[in-house]
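Visitor: Please give me a close look at one helical part of this model, covering what packs around it and how its charged side chains pair. I would like the terms you rely on to be defined as you go.

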Amino acid sequence: MSEMQWPCTDPRPDPSADAAGRHRIAVLALPGVPPFELGIPSRVFGSVLDADSRPLYEVTVCTADGAPVLSDAGFTVQPAAGPEALAAADTVIVPPTHAMPELGRGGPLPPEVTAAIAGIRPGTRLVSICAGSYVLAAAGLLDGRPATTHWHLAPEFRRAYPRVKVDEEVLFVDDGDVLTSAGVAAGVDLCLHMIRRDHGAAAANRAARICVVPPWRDGGQAQYIDRPVPEPTVATTTATRAWALEHLGEPLSLTRLAEHARMSLRSFTRRFRDEVGMTPVQWLTAQRLELAKQLLETTDLSIDLVAHRCGFGSANSLRAHMRTAFGVSPASYRRTFHTDDLVEAGV
């Protein structure tokens, strides 16, 4: 789900934490785990520090029984803990496994994995990266809920787990206490989204800069699905998107955008959706909301002025969009995330 569709009523959870005040994350390494996906949580969440350079998250890699597991790259992963880490965690993240093909047919989890997942405390935030969604689905944790997985696996996933509401066009889905991401790098997008939800856009942007990744990727998986490559002479919307980002405070109609791209309205809309995975209006709203969050966090501008600078026209319009997207008002968002420490630390 794009950030435009957050169902959360609070921009950040209020989880328990360890003695140092850190949010505890347990990453469940299963046999056949890909090293890249396994390392995403430690790398991204490990980049988040408070104003005194103290980590805000504690990330622990564990296995279902505490024993080492063989990754799909051929080397062994030595976990720091066993299932007790899952029971103590505030967030549990499940990367994919390439050693349990039975899950693709809706088969059961191994008994030790079932037992480990059963030990997770109620209210713990559950997260999957890529095909880690199969593990959550096999445990019955996605029944009746929206979720995503790698677009290439979506038809198989839908057949194996018909009770899950699969959306293969998005980079991630945030359903409050259960979050799922699409393939591989979308796990980075989801981790940054969680940081944004927990500590605000400024903290997520700083983590993204440290990891040298974009803090927010436009669109969804639709832009990565294999399609015929357009001829080099075919115009793109790239330059127009860059121009629009510099003019978010101005009226940006579809006609004006199409004229800037020197395309017909119909061609521009079709090309934009092919390249970005969403309509121009959806994309503009997402960019304006992102700018609004940054201004609310890092400035003392009035809500009216923030709304005008972001192109919403009025404070009422900004309020309506933020309530629809995030479930909170601009004032509530500012009270949650605006601190002098963040501004002074440059995060």
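Guide: What follows starts with one helix and its neighbours and then turns to the salt bridges.

This is a predicted model, in which local features need pLDDT of at least 70 and side-chain atom pairs count only at pLDDT 80 or more, while totals for chains, interfaces and linings use all residues. Residues are numbered from 1 along each chain as its sequence is written, and side-chain values use heavy atoms, with hydrogens and water left out.

Helix 9 spans residues 254-261 (helices are DSSP runs of H or I with at least four residues, strands are E runs of at least two, and both are numbered from the N terminus). Within helix 9, Leu-257, Ala-258 and Ala-261 are buried (under 20% relative accessible area, against over 50% for exposed and in between for partly exposed, with a 1.4 Å probe and protein chains only). Viewed down the axis of helix 9, these buried residues fall within an arc of 95 degrees, taken from the directions from the helix axis to the C-beta atoms, so they line one face of the helix. Their cover includes helix 8 (238-245), helix 10 (265-276) and helix 11 (280-298), and helix 9 itself is followed by Arg-262, whose phi is positive, near 60 degrees.

Two of these covering elements, helix 8 and helix 11, also meet each other: their axes come within 11 Å and cross at roughly 35 degrees (axes are lines fitted to C-alpha atoms, for helices over the stretch in contact, and angles run from 0 to 180 degrees between N-to-C directions). The crossing of helix 8 and helix 11 is right-handed, that is, the near helix is turned clockwise from the far one by less than a right angle. Arg-241, Ala-244 and Leu-245 of helix 8 and Trp-283, Leu-284 and Gln-287 of helix 11 make the contact (heavy atoms within 4.5 Å). By class, this contact of helix 8 with helix 11 has 4 nonpolar, 1 polar and 1 charged residues (Ala, Val, Leu, Ile, Met, Phe, Trp, Tyr, Cys and Pro count as nonpolar, Asp, Glu, Lys and Arg as charged, and the others, Gly among them, as polar).

Helix 11 also holds a charged pair, for the side chains of Glu-290 and Lys-293 meet in a salt bridge at 3.4 Å, N to O (a side-chain nitrogen of Lys or Arg within 4 Å of a carboxyl oxygen of Asp or Glu). Because Glu-290 and Lys-293 are 3 residues apart in helix 11, about one helical turn separates them. Glu-290 is buried, with a relative accessible area of 9%, and Lys-293 counts as buried at 0% relative accessibility.

Looking beyond the helices, a search of the whole structure finds 15 salt bridges. One of them joins the side chains of Arg-24 and Asp-90 at 3.5 Å, N to O. Arg-24 lies in strand 1 (residues 23-28) and Asp-90 in the loop between helix 2 (84-88) and strand 5 (91-94), so the pair ties together parts that are 66 residues apart in sequence. Arg-24 is partly exposed at 21%, whereas Asp-90 is buried at 5%. Another salt bridge is formed by Asp-177 with Arg-145, whose closest N and O atoms are 2.6 Å apart. This pair links distant parts of the chain, 32 residues apart, with Asp-177 in the loop between strand 9 (172-174) and strand 10 (178-181) and Arg-145 in the loop between helix 4 (133-138) and strand 7 (146-147). Asp-177 is partly exposed, with a relative accessible area of 35%.
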